[in-house]
Amino acid sequence: MEKLELPVPVAVFCRDLLRWYQRHRRDLPWRRRLEPYPVLLAEVMLQQTQVKTVVPYYRRFLKRYPTLEDLAESDEDEVLALWSGLGYYSRARNLRRAARQICDRHGGEFPRTYEEMIRLPGVGRYTAGAVLSIACGQPLPVLDGNIRRLFARYLKMDGVSSGDDSPPLWDLLTRISRFAAAREEVSDLNQALMELGALVCTPRSPSCGRCPLEGSCLGLQAGVQEKLPLPRARRAVRRLSYAVAVIRHRDRYLLGRNRESEFLKGMWEFPRIPVKVGERNLGAKTLEEAFRCQLGLSLSIDGLLKPVRHQITYRRLTLHPAVATLRTAAPPAGLVWTDPGTDRSYPIPAYVTKIAKLYRRTQGRI
Ligand code: SF4
């Protein structure tokens with residue numbers, strides 16, 4: 001394994017970075033409470049999600065579950081409902097399971113070793129390092145996509161793609177974090193790296209003129225900062241098409257719990273059936289028959305709204321909303337009437353809200 005070295009002494013690197021961080025860091029809610037539980041919550045929410053999206057969710061979540069014990073005793077549906085719209089719902093389930101595990105196995109005390117942290121559901125190397133270094137000052141590195149990009153440029157790592165899990169980089173970051181921890185600066189240093197990657201060494205057009213590492217950046221010196229890191233190999237997109245039944249009664253819609261495991265498991269959705277990808281001419285009679293056979297729903301289709309596109313990780317969904325009327329007096333077991341705009345007791349995926357809005361806009365014109 002080829003050992004990576006910084007182009008400047010580690011003390012200079014840390015000093016420049018920390019000075020910049022003290023002056024430019026954002027006042028984010030999770031930076032006001034550097035304790036393991038809020039830091040874990042923030043790190044989990046920030047996975048694949050932008051800061052500005054996370055802030056209101058973080059505040060609501062912490063208000064409802066101010067302590068780890070509160071989360072451990074929570075109802076899963078309520079947790080998912082609070083998470084609704086943030087996506088990647090397995091994060092919420094794992095977080096709740098982690099809280100339960102800490103309360104059951106560690107007497108409610110947050111694990112203070114990396115080996116224990118890594119055994120918690122949904123906690124990987126990055127999250128364990130982030131929580132233990134930021135909240136507990138432990139000498140552990142953090143290496144996420146932002147920091148990987150920053151170092152690929154700073155060290156001019158030509159052979160590294162943005163998705164590589166580079167052992168030499170982990171090793172270098174471990175040495176840096178040990179140095180900073182010995183000076184009780186690892187919490188700020190790791191946050192500084194995250195912040196620099198998010199604000200300055202951005203994916204496109206890095207703002208090198210505002211970067212505290214500008215004077216020693218090897219990528220910038222070679223003029224290749226915008227070409228690094230190499231693009232990662234992307235997972236192939238999977239296209240899926242569904243018809244969804246939009247059945248409304250006053251201000252409420254009929255929703256059912258998704259019990260299939262592939263995606264959105266546990267969420268409450270419009271009744272949904274698969275249709276052929278690319279299908280444009282969905283006939284009302286065919287759909288009525290399909291909803292009856294596949295879901296036992298007796299409907300009459302009143303019209304179709306324009307298709308709605310929605311992406312869930314590598315799955316690209318096309319949803320065909322079919323406005324329908326229930327032919328039976330009461331809905332079949334398992335379906336409930338609810339208003340996805342106001343009722344927070346059911347976890348609802350973002351596409352349901354999207355379609356409900358579309359329906360309200362086009363009401364009476366189908
Ligand atoms: S100088 Fe530019 S490329 Fe180098 S680390 Fe800073 S922002 Fe990134």
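**Exercise 1. How far does the backbone oxygen of Leu 358 lie from a polar atom of the side chain of Thr 362, and is Thr 362 buried or exposed?**

Keep in mind that you're working with a predicted model.

- Step 1: Find Thr 362 in helix 14, which covers residues 350-362.
- Step 2: Go to the backbone oxygen of Leu 358; a polar atom of the Thr 362 side chain sits 2.9 Å away from this oxygen.
- Step 3: Check accessibility. The cut-off for buried is under 20% relative accessible area. Thr 362 comes in at 19%, so it counts as buried.

**Exercise 2. Work out how domain 1 and domain 2 meet.**

- Step 1: Set the bounds. The domain assignment puts domain 1 at 10-221 and domain 2 at 238-362.
- Step 2: Get the spacing and the contact. The C-alpha centres of the two domains are 37 Å apart. Domain 1 brings 8 residues to the contact, and domain 2 brings 14.
- Step 3: Look at the area. Between them the domains bury about 770 Å², with 56% of that on carbon and sulfur atoms. On the domain 1 side, 49% of the area buried against domain 2 comes from Asp 77, Ala 81 and Tyr 89, more than any other three residues supply.

**Exercise 3. Pick out the polar links across this interface, then describe the domain 1 side.**

- Step 1: Search for salt bridges. There is 1 across the interface of domain 1 and domain 2.
- Step 2: Name the partners. Asp 77 pairs with Arg 257 in a salt bridge, and their closest N and O atoms are 2.5 Å apart.
- Step 3: Count polar contacts. Across the interface, 3 residue pairs qualify, both residues being at pLDDT 80 or more.
- Step 4: See which element does the touching. Helix 5 (residues 76-83) gives 3 residues, the largest share of the domain 1 side that touches domain 2.
- Step 5: Sort that side by residue type: 4 nonpolar, 2 polar and 2 charged.

**Exercise 4. Where does Ile 348 lie, and which residues is it in contact with, leaving aside neighbours within four places in sequence?**

- Step 1: Place the residue. Ile 348 belongs to the loop that runs between strand 8 (335-338) and helix 14.
- Step 2: Check burial. Ile 348 has a relative accessible area of 5%, so it is buried.
- Step 3: List the contacts beyond those sequence neighbours. Ile 348 touches Ser 84, Gly 85, Tyr 89, Leu 255, Met 267, Trp 268, Pro 340 and Thr 353.
- Step 4: Spot the overlap with Exercise 2. Tyr 89 is one of the contacts of Ile 348, and it's also among the three residues behind that 49% share.

Definitions and conventions. Residues numbered from 1 in each chain as written. Predicted model: local features only at pLDDT ≥ 70, side-chain atom pairs only at ≥ 80, totals over all residues. Heavy atoms only, no water. Domains from an automatic or database assignment. Contact = heavy atoms within 4.5 Å. Buried area = accessible area lost by both parts, 1.4 Å probe. Salt bridge = Lys/Arg side-chain N within 4 Å of Asp/Glu carboxyl O. Polar contact = N/O pair within 3.5 Å; in protein donor to acceptor, adjacent residues only side chain to side chain. Helix = DSSP H or I, 4+ residues; strand = E, 2+ residues; numbered from the N terminus. Nonpolar A, V, L, I, M, F, W, Y, C, P; charged D, E, K, R; others polar. Buried < 20%, exposed > 50% of the residue type's maximum accessible area, 1.4 Å probe, protein only.
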